[in-house]
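User: Could you walk me through how the labels on this model were decided? I'd like to see the reasoning behind each one.

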Amino acid sequence: MPRAWCLKSRPKGMPTAANFELKVLALPPLVEGMVRVRNHWLSVDPYMRGRMNDVKSYVPAFQLGEPMDGGAIGEVVESNAEGFAPGDLVQHMAGWRDEVVLAARAVHKVPGLGVEPQLFLGVLGIPGATAWFGLLDVAQAKPGDSVFVSAAAGAVGSAVVQIAKVKGMRVIGSVGGPNKCDYVRSLGADAMVDYKAGPILKGLSAAATDGIDVYFDNVGGDHLDAALAIARAHARFAICGMIAGYNKPEPTSMRFILRVIAARIRIQGFLITDYLPRMSEFYREMVPLVTSGAVKSRETVVDGLERMPDAFLGLFEGANVGKMLVRL
């Protein structure tokens, strides 16, 4: 029988396994215009933590007792919709489950670009597009810029590092631990900051003695403080995520916010949904970089639907290098 993870209770602070419940699903009939999909790859992403709160946001909150959702790649096993046939690989947003019946308009065929399908949940999917548009459009990064990237070993951060290097920028990455430092250096980073080895401001000041032009923020908290402290005049900050504050009730500290005025820093938050109409542009630019090896992909794979919450919680413990995926 098909199964799906549901939100059993809303967490206060860091979620635990007790907040999730695996339930058997009764799938609806396959009426005209519908397809039945068996999922092969499921995505977990930090933004899902915000959806566990009962608050109004840019993405609807998960409902208690109802199946959770997120990015997924699956195979059509039965179709009652024109244009879809059994065996077609499709991408959709009905993750956190092993099987689903969806309207054909809610699924998209995985582009036949000669790459592994799970890449469309990572470097060729939302994380890669977030990195691309956040760095080049929001932050307007250009050759010669000094770019600081937090969570540089993650799905978005590792893509930012590589895109910045391809575009002729100097890159400083921040990660936790020597193994992740080595990994991000292997992607081309010019300097690394291990935030577990000492205060982030001290490490960043040493790595970027002349300051930074661009900050790509996946973390917030003390990383954002440090970036504000050493930013050059007219620096641009692309605020993608603030994972450091997702499980904390208190707001992110901004001790050096007054530097926004003196250094004329531009800080801009963004959502990848703003850029979905430009995905063909992203594919045109990014696919050759991936197929040539100029931009590499790495995944941390957890096997089995039963371990979906483990994979999600691992995001907040630094368990992933590159994109965190669940394989069914």
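Analyst: Happy to! Let's start with E306, which has 45% relative accessibility and therefore counts as partly exposed: buried means under 20% relative accessible area, exposed over 50%, and partly exposed in between (1.4 Å probe, protein chains only). Do keep in mind that this is a predicted model, where local features need pLDDT of at least 70 and side-chain atom pairs count only at pLDDT 80 or more, while totals for chains, interfaces and linings use all residues. Residues are numbered from 1 along each chain as its sequence is written, and side-chain values use heavy atoms, with hydrogens and water left out.

User: What makes E306 and R3 a salt bridge?

Analyst: A salt bridge needs a side-chain nitrogen of Lys or Arg within 4 Å of a carboxyl oxygen of Asp or Glu. The closest N and O atoms of E306 and R3 are 2.9 Å apart, so the pair qualifies.

User: Why is D225 called buried or exposed?

Analyst: D225 has a relative accessible area of 4%, so the label is buried. Its salt-bridge partner R255, with an N to O distance of 3.8 Å, is exposed at 59%.

User: And how do you know which label suits D213?

Analyst: The relative accessible area of D213 is 11%, so D213 is buried. The side chain of D213 meets that of R232 in a salt bridge of 2.7 Å, N to O, and R232 is partly exposed at 29%.

User: How many salt bridges does the whole structure have?

Analyst: The search finds 18.
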